[in-house]
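Okay, thanks everyone, I'll keep this short. Let me put the structure up, and then we'll walk through it together.

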Amino acid sequence: MPNLDLEGWLRFTKQTAAARKAGRAGIIAARRTGRAHPCGLFCYRVDHDLEQGRVLVAEHFVAVDLLEPEVVLAALVAELDALGRRLGCNAVRSLVHGTTAIVSGGLTDAGHTQAGTLLFKSLPA
């Protein structure tokens with residue numbers, strides 16, 4: 001998200017932290033052993049779906065590794081299932097923004113299937 005400035009990120013994390021206290025949202029980060037900085041993350045929230053009940057919604061996937069981004073993504077995707085179970089969810093809904101083949105491929109490899117189409121339209125101020 002190259003257009004997100006520090007103020008926007010801090011606003012998002014503050015809202016997420018407040019929702020996390022209520023068990024509804026958060027950020028999962030991955031860090032390789034022996035490295036100081038995260039190399040991957042996703043944001044999540046719990047929604048209530050009319051058909052599925054509690055659903056874990058994950059989006060804004062990032063897997064940054066020069067040699068093996070697929071390994072980082074695989075760890076994040078594995079955590080989706082575990083997190084969904086811990087939060088009492090019946091399903092996981094993953095939103096992949098843009099055309100990130102690595103993220104889409106990693107989710108598909110883990111059993112995620114296309115469940116519909118997400119459409120988006122910016123509204124002028």
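So, to start with the overall numbers: the chain has 125 residues, and 27% of them are buried. Keep in mind that this is a predicted model. As for the secondary structure, you're looking at three helices and four strands. If you follow the sequence from start to end, the order goes α-β-β-β-α-β-α. And if you take the contacts in the chain with a separation of 6 or more, 48% of those are between residues 24 or more positions apart.

Now on to the helices. How do H2 and H3 sit relative to each other, and at what angle do they cross? H2 covers residues 69-86, H3 covers residues 101-109, and their axes come within 10 Å, crossing at roughly 50°. An angle between 35 and 65 degrees counts as oblique, so oblique is the word for H2 and H3. As for handedness, the crossing of H2 and H3 is right-handed.

Who's actually touching whom there? On the H2 side you have Pro69, Glu70, Leu73, Val77 and Leu80, and on the H3 side Ile102, Val103, Gly106 and Leu107. Sort the residues in that H2 and H3 contact by class and you get seven nonpolar, one polar and one charged.

Let me pick one of those residues, Ile102, which belongs to helix H3. Buried or exposed, what would you guess for Ile102? Well, Ile102 comes out at 39% relative accessibility, so it goes down as partly exposed. Leaving aside residues up to four places away in sequence, Ile102 touches Pro69, Glu70 and Leu73. Take Pro69: it is 33 residues from Ile102 along the chain, and the two C-alpha atoms are 8.0 Å apart.

Last stop, the aromatics. How many aromatic pairs does the structure hold? Just one aromatic pair. That's Phe42 with Phe61, with 5.6 Å from centre to centre and 35° between the planes, which puts the pair in the tilted group. The two partners come from distant parts of the chain: Phe42 is in strand E2, residues 40-49, and Phe61 is in strand E3, residues 53-63, with their positions 19 residues apart in the numbering. And unlike the partly exposed Ile102, Phe42 and Phe61 are both buried.

That's my tour, happy to go back to any part of it.

Conventions
Residues numbered from 1 in each chain as written. Predicted model: local features only at pLDDT ≥ 70, side-chain atom pairs only at ≥ 80, totals over all residues. Heavy atoms only, no water. Phe/Tyr/Trp six-rings, centres within 6.5 Å; stacked < 30°, edge-to-face > 60°. Helix = DSSP H or I, 4+ residues; strand = E, 2+ residues; numbered from the N terminus. Buried < 20%, exposed > 50% of the residue type's maximum accessible area, 1.4 Å probe, protein only. Axes fitted to C-alpha atoms, helices over the stretch in contact; angles between N-to-C directions. Parallel < 35°, antiparallel > 145°, perpendicular 65-115°, else oblique. Left-handed = near helix turned anticlockwise from the far one by under 90°. Contact = heavy atoms within 4.5 Å. Nonpolar A, V, L, I, M, F, W, Y, C, P; charged D, E, K, R; others polar.
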